[in-house]
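Me: I am new to this structure and would like to learn how to read it feature by feature. Could you take me through it slowly?

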Amino acid sequence: MWSANESATVNAMNMTPSGPTVGTVNALELHGLHKHFGRVHAVNGIDLTVAPGEIVAFLGPNGAGKTTTIDMMLGLSTPTSGEVQVFGFKPIDAVSRGLVAAVMQTGGLLRDLTVGETVQLTSTLFVDTRPVTEVLQRAGIADIADRRVDKCSGGQQQRLRFAMALLSDPALLVLDEPTTGMDVEGRRDFWSAIRQDTERGRTVMFATHYLEEADAYADRIVLIREGQVVADGTAAEIKELSAGRVVRATLPGADHASLLALPGVDGVEIRGDTVLIRAAESDSVARYLLTQTQARDLEITARNLEDAFIALTGRDAKETAKPMESAR
Amino acid sequence: MSTQPVTMPDLNRRVPPLGGFNLTFVRLEVRRMLRNRRTAIFTLIMPVVFYFAFGYSQRNTTVGSANAATYIMVNLATYGAMVATMAGAAMVSVERAQGWSRQLRLTPLRPVAYMATKVLTAMTLGAMSVFVQFVVGAATGNKLALDKWILCGLAAWLCAFVFAAMGLFVGYLMPSENAMQVMGPILALLALLGGLFVPLSVWGHTFREIARWTPAYGVGEIARSPLRAEHFDWASIPNILIWGVVFAIGAAVLFRRDTKRV
């Protein structure tokens, strides 16, 4: 079985994203953010910087503090301590300027208005807005503009919230579980609309339970657990973090100790002529095997994001040594 | 991670004046209120129906020096204004329950501007209710000098602010989908205590003394005062001032608590 180095380091990873041009202001800055509800520390010291144009997924199990953090980003609640800045503004001032908009799970809609009226009413509250018909179209609900909100499905209501969020042409769009209630096709349309906008420089931060969404649509994934950031990086980096990749090769007479001593190796298993090396830096292990040893039939397999998610956010996350599936 | 250069969004954007308060929003709110059949019936139609049921038949009798039908018409206009302003302001309760007020927090509309919108919507509905009652009253033969129409109408309408404040207070006190189902009967009771349905003289002394300090009494007394039907009870002035201030402060305190917590 695996020997030694089982404690794969997962905590306190902080890969700062390559920021945009110097001299620009960050889309989002969270500094030492805490939120306590009585004795419950819902958010327990989050530091986060998001550069303009990034698409960031905010991942974490229920109760990890995602929604509480998002509430503070939008000025819906005030931090117990710490600071939030959205494009250099206090959240409430960013909201007033239409710089940040959000699709929230909890945002209620008036049931006695039609879809079109809801957007029209909301548009009166901003100084500059996109035309009502345009946002309805972008959200894919132009055809149901005359439908009363209480006659809309959950997915349609979610698109309506999305249309409302597009009104101010926000520079930062915050989405809390945005595709809840949407069918597969709706979800795909939704994300393609989001993608189009991010190409024009919009920053997007979304919380989701759909790991495949985070994997497919985010440039960067921030994992939080118990109110703290436990990992931050690209989907590939996150996957690597949990259990790393597994490098499998045929290598007769492999030397267990020297393989384990390689940098970035978390575990080594030798089964006859086959060697299985679990490593955070699989590339360098592969390079070593192919150049310094007689290894052949080399294979590198990645963990999927779901494994990483469970490993990093699960209750036993501190002992992430997961039994590896047999390569046989 | 995107590596292409990102165009910096334009951060130089304007904040709406008055915290987002605007008359288009008020107009849409009023239209929405009136589209609700229940609200339209209770604020515009019921008082008129009451007038035909209890007031019109009294057109040949008098209360003090005033025509009884006119006296009842003013009372019912006051009642209509009460219900209308309460219905408008108590929408805060419904909208908090539905999560709409939270949704609005994602717009430039400041909570104070939201409250102002609700008050103005409520007062607009109140004005409509009084107007409808008076138009029906005038059309069915009530004779009043123009200045008395105007003074009675303004008094009934403006004093109903007490009930707009009460509506806000209730609205921030309890988020409820059916605030008006609760408040409707309470308003009817207050109208009865306030002498809007039956003159207080029919009650015993103790009851009358208590009734004099209920809010609808003050509003009704002031609204009727231009008719000079009876001796004016000066206690009605501190009455509405005290109730108005109590409800406004109560609403303000709850409002502050609400916006802190969301």
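The dialogue below goes from confidence to folds, helices and the contact between chains.

Me: How far does the confidence reach in chain A, and where is the pLDDT under 50?

Reply: Since this is a predicted model, one begins with pLDDT, which is the predictor's confidence in each residue. In chain A the mean pLDDT is 82, and 84% of the residues reach 70 or more. The value stays under 50 over residues 1-22 of chain A, a stretch for which the model has 46 contacts beyond four places in sequence. Over residues 316-328 of chain A the pLDDT is also below 50, and that stretch has 20 contacts in the model beyond near neighbours in sequence.

Me: How many helices and strands are there in chain A, and what share of its residues count as buried?

Reply: Chain A holds 11 helices and 13 strands, and 48% of its 328 residues count as buried. Contacts can also be sorted by separation along the chain: among those in chain A with a separation of 6 or more, 70% are between residues 24 or more positions apart.

Me: How should I read a sheet, and what is the order of the six strands in the open sheet of chain A?

Reply: One reads a sheet by following its strands from neighbour to neighbour. Here the order is β5-β6-β7-β3-β8-β9 of chain A, with mixed pairing. At the edges stand β5(A) and β9(A), the latter covering residues 228-233, and each has a single partner strand, so one side of each is left without a neighbour in the sheet. On average, neighbouring strands of this sheet are turned by 15° against each other, direction ignored. As an example of pairing, β5(A) and β6(A) run parallel and are joined by four bridges, with Ala101(A) standing opposite Leu173(A) of β6(A).

Me: Which helix packs on β5 and β6 of chain A, and how can I check its length?

Reply: The helix is α5(A), which touches β5 and β6 of chain A and whose direction makes about 175° with that of β5(A). To check a helix, one compares the expected span with the distance between its end C-alpha atoms: at 1.5 Å a residue, the 13 residues of α5(A), 154-166, should span 18 Å, and the ends are 19 Å apart, which agrees.

Me: Is α5(A) mostly covered or mostly open?

Reply: It is mostly covered, since 10 of the 13 residues of α5(A) are buried. Among them are Leu160(A), Phe162(A), Met164(A) and Leu166(A), along with Arg159(A) and Arg161(A). The buried residues of α5(A) pack against β5, α3, α4, β6 and α6 of chain A.

Me: What is the strand order in the open sheet of four strands in chain A?

Reply: The order is β11-β12-β10-β13, with antiparallel pairing. The edge strands are β11(A), residues 265-271, and β13(A), residues 296-301, each of which pairs on one side only. From one strand to the next the twist averages 15°.

Me: What are the partners of β12(A) in this sheet?

Reply: β12(A), residues 274-279, pairs in the antiparallel sense with β10(A) over six bridges, and six bridges likewise join it to β11(A). Within these pairings, Val246(A) stands opposite Arg278(A), while Ile277(A) is the bridge partner of Val247(A) and also of Val268(A). Five of the six residues of β12(A) are buried, so the strand is largely enclosed by the rest of the structure. β11(A) and β12(A) form a hairpin with two residues between them, and Gly272(A) in the turn has a positive phi of about 65°.

Me: Which helix lies across these four strands?

Reply: Helix α10(A), residues 282-292, lies across β10, β11, β12 and β13 of chain A, running at about 10° to β10(A).

Me: How many residues of chain A are in contact with chain B?

Reply: To read an interface, one asks which residues take part, and then of what class they are. In this model 38 residues of chain A are in contact with 31 residues of chain B. The elements giving two or more residues to that side of chain A are α2, β5 and α3 of chain A. By class, this side of chain A has 18 nonpolar, 14 polar and six charged residues.

Terms used
Residues numbered from 1 in each chain as written. Chains lettered and ligands numbered in written order. Predicted model: local features only at pLDDT ≥ 70, side-chain atom pairs only at ≥ 80, totals over all residues. Pairing = 2+ DSSP bridges. Axes fitted to C-alpha atoms, helices over the stretch in contact; angles between N-to-C directions. Contact = placed C-beta atoms within 7 Å. Nonpolar A, V, L, I, M, F, W, Y, C, P; charged D, E, K, R; others polar. Expected span 1.5 Å × (residues − 1). Buried ≥ 20, exposed ≤ 12 C-beta atoms within 10 Å, placed from the backbone. pLDDT = per-residue confidence, 0-100.
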